[in-house]
Amino acid sequence: AAIDRAKEAEPAINSYVTLDEEGAFAQAEEIQKKIDAGELTGPLAGVPVAVKDNMCIRGQLTTCSSKILSNFKPTYTAEAVENLKNAGAVIIGKTNMDEFAMGSTTETSWYGPTKNPHNTAHVPGGSSGGSCAAVAAGECFGALGSDTGGSIRQPSSFCGVVGLKPTYGTVSRYGLIAYGSSLDQIGPVAKDVSDCAAFLEAIASHDPKDSTSIDRDDYDFTSALENNAKGLKIGIPKDYMGDGLDPEVRQAVLRAAKVLEENGAVVETFDLGLVKYAIPAYYTIASAEASSNLERFDGVKYGYRTEEYEGLHNMYKKTRSEGFGPEVKRRIMLGSFVLSSGYYDAYYLKALRTKALIKKEFDKAFEYYDIILGPAAPTTAPELGKSLNDPLKMYLGDIYTISVNLAGLPGMTVPVGKDKNGLPIGMQLIGNAFEEKTLIRAAYTYE
Ligand code: GLN
């Protein structure tokens with residue numbers, strides 16, 4: 001049914017870079033045997049899922065939606081995907097994304113934009129726009145996304161699905177093609193909160209192959225599916241509700257907060273003033289790490305190589321000039337600049353200090369609050385073609401999500417209504433480190 005639905009929806013939506021019909025049926029047959037033998041009993045056994053195209057699957061095209069990786073077939077599988085497979089999920093395809101996860105609209109993909117299933121004249125958000133649109137359009141029952149600065153939570157908001165970015169270190173980054181390594185986290189995108197909890201439970205694990213992976217005491221996320229918010233202290237940052245926030249989004253988010261209050265939570269407003277520095281700090285750090293991470297795509301080791309060249313340096317130059325799109329080039333230039341001698345202290349080091357201060361401010365807030373509640377994005381999904389010509393404006397749209405990555409915290413988006421044009425609105429719940437269960441409980445209570 002998922003494959004049929006995907007075939008029907010794809011011409012209009014373009015969620016997938018690769019839809020693997022044959023592979024899906026082969027996996028399903030194997031899984032069915034294990035289910036019949038009683039070897040697979042979990043909630044994901046036999047469930048069709050999709051994976052963002054920046055996660056490696058052995059022998060399968062893994063492109064990052066970039067021309068430079070348009071022929072890349074990895075020799076190993078990402079740990080999160082391996083975990084999904086072990087839980088019995090059937091991986092039916094790889095989803096479209098902004099090139100190398102850089103963007104907020106899925107329009108920077110080499111494979112063309114993904115469209116929002118609620119209105120195909122609008123973007124699905126990004127960079128995990130393919131994963132979120134595929135779930136929203138019923139082209140799979142859940143998907144993996146990655147979130148460096150909001151790339152799970154913002155497109156989940158625009159597509160009306162549930163998305164969760166776990167605490168840094170919770171899901172292994174082994175086999176995730178790196179963008180900003182100190183910020184990247186894989187997480188689930190699902191139709192509702194209980195599915196989301198089940199997917200997180202399947203993919204989270206301690207993995208010695210990722211040196212930043214954490215061995216957590218408790219991976220039992222579905223046990224948090226409790227229908228009450230009793231005793232939860234929820235803080236709404238005034239700084240998240242001010243200028244630049246669409247009034248319809250504000251209203252829907254405040255209405256959702258009220259529902260949690262009616263179910264036993266205490267809701268207050270407070271100051272989280274330093275988040276206004278999150279955007280410059282994030283774009284400095286993420287671009288710096290990206291410029292270093294993307295050095296490996298040189299036409300020698302991976303993927304695309306230019307056809308005609310004179311000598312090695314000319315080959316590098318032509319390969320990278322032809323292989324990367326404009327947004328990726330912008331980040332590489334910005335990142336190389338802030339890391340270069342003479343500018344390192346002025347920009348990169350300063351951004352790291354800002355990151356530390358933001359983390360401290362969150363720590364202080366979580367001494368008192370269990371959850372920080374706000375919008376996931378300042379607006380609903382913009383129209384296609386309206387964002388890319390003004391990158392700075394696009395970066396500003398990341399205002400509510402980005403600080404969460406800088407602080408390494410978990411964040412979750414839950415749909416809370418629609419605007420007058422029928423486009424979804426998402427609420428973001430932010431928790432203290434390792435408090436995914438608190439977020440899941442509040443989200444489940446709201447839902
Ligand atoms: N929009 C942000 C960026 O372009 C976030 C992307 C992400 O989380 N991968 O960097």
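**Exercise 1. The nonpolar cores**

Find which residues touch the most other members of the largest nonpolar core in this predicted model.

*Solution.* Start with the whole set: the largest nonpolar core holds 105 residues. Within this set, F100, F362 and M412 touch the most other members. Next, look at where the members come from: helix α8 (residues 278–293) supplies the largest share of this core, nine residues. Then look beyond it, and you will meet another core that lies apart, made of 23 residues, including A2, A6, I31 and I92. As general background, nonpolar side chains in soluble globular proteins tend to be buried together.

**Exercise 2. Around M412**

Which residues is M412 in contact with, leaving aside its neighbours within four places in sequence?

*Solution.* Begin with the partners that have lower numbers: M412 is in contact with R153, V162, G163, L164, V193 and C196. Now continue along the chain, where M412 also has contacts with M427, Q428, L429, L439, I440 and A443.

**Exercise 3. A closer look at E327**

Is E327 buried or exposed, and what does its side chain make a polar contact with?

*Solution.* First, locate the residue: E327 sits in helix α10, which covers residues 326–339. Second, check its accessibility: the relative accessible area of E327 is 5%. Buried means under 20%, so E327 counts as buried. Third, follow the side chain of E327 to the side chain of Y395, with which it makes a polar contact at 2.6 Å. Finally, list the contacts beyond four places in sequence: for E327 these are M102, T108, P391 and Y395.

**Exercise 4. The cavity**

How many cavities of 30 Å³ or more are there, and which residues lie nearest the centre of the largest cavity?

*Solution.* The count comes to one cavity of 30 Å³ or more. For the largest cavity, the volume is about 90 Å³. Its lining consists of 14 residues, and those nearest the centre are G103, G149, S151, Y282 and D398. Sorted by class, the lining of this cavity has seven polar, five nonpolar and two charged residues.

**Exercise 5. The largest pocket**

Work out which element gives the most residues to the lining of the largest pocket.

*Solution.* Take the volume to begin with: the largest pocket has about 370 Å³. Around this pocket are 16 lining residues, with T379, P382, K393, M394 and G397 nearest its centre. Two or more lining residues come from each of α5 (153–159) and α12 (391–396). Of the elements, α12 gives the most, with three residues. To finish, sort the pocket lining by class: six residues are nonpolar, six are polar and four are charged.

How values were computed
Residues numbered from 1 in each chain as written. Predicted model: local features only at pLDDT ≥ 70, side-chain atom pairs only at ≥ 80, totals over all residues. Heavy atoms only, no water. Helix = DSSP H or I, 4+ residues; strand = E, 2+ residues; numbered from the N terminus. Buried < 20%, exposed > 50% of the residue type's maximum accessible area, 1.4 Å probe, protein only. Polar contact = N/O pair within 3.5 Å; in protein donor to acceptor, adjacent residues only side chain to side chain. Contact = heavy atoms within 4.5 Å. Core = buried A, V, L, I, M, F, W, Y, C linked by side-chain atoms within 4.5 Å. 1 Å grid on protein atoms, 1.4 Å probe; cavity = no way out; pocket = protein on both sides within 12 Å on 5 of 7 lines; lining within 4 Å. Points joined across faces, edges and corners; volume = space filled by probe spheres on them. Nonpolar A, V, L, I, M, F, W, Y, C, P; charged D, E, K, R; others polar.
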